[in-house]
Amino acid sequence: MKKAVFPGSFDPITLGHVDIIYRSLELFDEVIIAIGVNADKKYLFNLSQREAFIATLFAQESRIKVVCYEGLTVDLCKKEGAQYILRGLRNTTDFEFEKAIAQANTKLQGIETILLYSKPEHAFISSSIVRDVLRNQGDYSFMVPDTVRE
Ligand code: ADP
């Protein structure tokens with residue numbers, strides 16, 4: 001059984017993330033969306049809100065699971081029996097960042113990272129832009145799934 005962990009902050013989950021998750025179901029039997037908990041990071045949405053947006057959105061998808069975790073993503077992969085880490089790529093900045101982490105993770109635990117390109121129409125979407133628009137009372141609805149919109 002091919003399992004992948006899709007780690008991220010998901011503060012909040014966006015249509016870019018959702019698209020990567022659905023497309024990855026073609027490649028994996030199970031996808032575990034893993035919400036990172038980093039004590040040093042300030043989030044706009046608390047952990048239970050971030051989890052609820054995702055859990056509600058994928059409630060009908062038996063092959064998608066949501067977990068929250070602290071510590072190394074590769075340790076979570078071992079715990080969950082996942083052979084792969086899934087990440088999304090929007091641009092060359094993402095590429096350089098992902099390359100270093102992917103190489104470190106392979107060295108650490110032999111876990112391979114599978115990268116999927118974002119769709120062109122999602123390439124500009126990031127959780128930080130959504131947070132910025134939201135804080136300034138702008139329209140963020142075209143960047144997020146229904147569960148966040150509501
Ligand atoms: P992190 O804080 O780990 O970067 P994010 O929640 O911002 O967490 O992103 C998680 C993953 O989703 C990363 O691989 C990121 O590149 C990818 N991602 C974010 N936004 C998009 C998007 N619009 N299209 C495709 N992938 C995306």
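**Ligand site and sheet**

Colleague: Which of the 17 residues around the ligand come nearest?

Modeller: A residue counts as near if one of its heavy atoms lies within 4 Å of the molecule. Of the 17 around the ligand, the nearest are S9, F10, G88, H122 and I125.

Colleague: What pLDDT do side-chain atom pairs need in this predicted model?

Modeller: Residues are numbered from 1 along each chain as its sequence is written, and side-chain values use heavy atoms, with hydrogens and water left out. The model is predicted: totals for chains, interfaces and linings use all residues, local features need pLDDT of at least 70, and side-chain atom pairs count only at pLDDT 80 or more.

Colleague: Which residue offers a backbone N or O atom to a nitrogen atom of the ligand?

Modeller: Polar contacts here are pairs of N or O atoms within 3.5 Å. Ligand oxygen atoms have side-chain partners: an N or O atom of R87 at 3.1 Å, and one of E98 at 3.4 Å. A ligand nitrogen atom has a backbone partner at 2.8 Å, in I125.

Colleague: How much of the ligand's area does the protein bury?

Modeller: Areas come from the Shrake-Rupley method with a 1.4 Å probe. Taken alone, the ligand exposes 550 Å². The protein buries a share of that: 87%.

Colleague: What is the strand order of the open sheet?

Modeller: Strands are DSSP runs (E, at least two residues), numbered from the N terminus. Two strands pair if DSSP finds at least two bridges between them. Strand 3 (64–69) and strand 5 (112–117) are the edges, each pairing on one side only. The five strands pair in parallel, in the order 3-2-1-4-5.

Colleague: Which residue of strand 2 stands opposite G8?

Modeller: Strand 1 (residues 3–8) and strand 2 (residues 30–36) are parallel, over six bridges. Opposite G8 stands I35.

Colleague: At what angle does helix 4 run to strand 4?

Modeller: Helices are DSSP runs too (H or I, at least four residues). Axes are lines fitted to C-alpha atoms, for helices over the stretch in contact (heavy atoms within 4.5 Å). Angles run from 0 to 180 degrees between N-to-C directions. Helix 4 (residues 92–109) lies across strand 4 (84–89) and strand 5, and its angle to strand 4 is about 170 degrees.

Colleague: Is V67 buried or exposed?

Modeller: V67 sits in strand 3. It touches I32, I33, A34, I35, L76 and E80, leaving out residues up to four places away in sequence. Buried means under 20% relative accessible area, exposed over 50%, partly exposed in between. V67 has 12%, so it is buried.

Technical notes: A polar contact is a pair of N or O atoms within 3.5 Å; within protein, one must be able to donate a hydrogen and the other to accept it, and residues adjacent in sequence count only if both atoms are side-chain atoms. Buried means under 20% relative accessible area, exposed over 50%, partly exposed in between (1.4 Å probe, protein chains only).
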